[in-house]
Amino acid sequence: MGFNYSHPRWHKLRDLYRKAHPRCVTCGTTKNIHIDHIKEIRDGGNPWDWNNLQSLCASHHNVKGKSKNNPCGESGEPNDKDSHWYK
Ligand SMILES: [Zn+2]
């Protein structure tokens with residue numbers, strides 16, 4: 001059981017967070033911003049905790065994802081359908 005990234009509550013939280021923090025924390029761009037969980041949910045992070053979120057652009061989100069072997073797509077879902085999220 002993974003976190004349900006298609007949950008309407010997550011979409012709402014993500015949109016709110018993106019409005020409040022429109023820039024990538026790494027490079028400062030406002031393009032293709034993804035909302036990332038600082039502490040991964042699988043590592044015990046709270047998916048609903050505002051303080052556990054950060055804005056990352058697509059490329060920096062990818063860097064983080066790849067480093068954890070879990071690249072995520074636009075919506076915050078992993079691109080890899082074999083990911084543990086889908087199991
Ligand atoms: Zn960036």
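The following paragraphs lead from the overall architecture of this protein to two of its loop residues.

The structure is a predicted model. Its secondary structure consists of two helices and two strands, and these elements follow the pattern α-β-β-α when read along the sequence. The protein has 87 residues, of which 13% count as buried. Among the contacts with a separation of 6 or more, 48% are made by residues 24 or more positions apart.

The loop between α1, residues 8-20, and β1, residues 33-37, contains N32. The backbone of N32 merits attention: its phi is near 50°, a positive value in a residue other than glycine. Most residues other than glycine have a negative phi. Is N32 to be classed as buried, partly exposed or exposed? A residue is buried if 20 or more other C-beta atoms lie within 10 Å of its own, and exposed if 12 or fewer do. N32 has 13 C-beta neighbours inside 10 Å and therefore counts as partly exposed.

Beyond β1, the chain enters the loop between β1 and β2, the latter spanning residues 53-57, and D49 has its place in this loop. D49 counts as exposed because 12 C-beta neighbours lie inside 10 Å. What distance separates the C-alpha atoms of D49 and H37? The two residues are twelve residues apart along the chain, and their C-alpha atoms are separated by 8.9 Å. H37 belongs to the range 33-37 assigned to β1, so that this distance relates a residue of the β1-β2 loop to that strand.

Key
Residues numbered from 1 in each chain as written. Predicted model: local features only at pLDDT ≥ 70, side-chain atom pairs only at ≥ 80, totals over all residues. Helix = DSSP H or I, 4+ residues; strand = E, 2+ residues; numbered from the N terminus. Contact = placed C-beta atoms within 7 Å.
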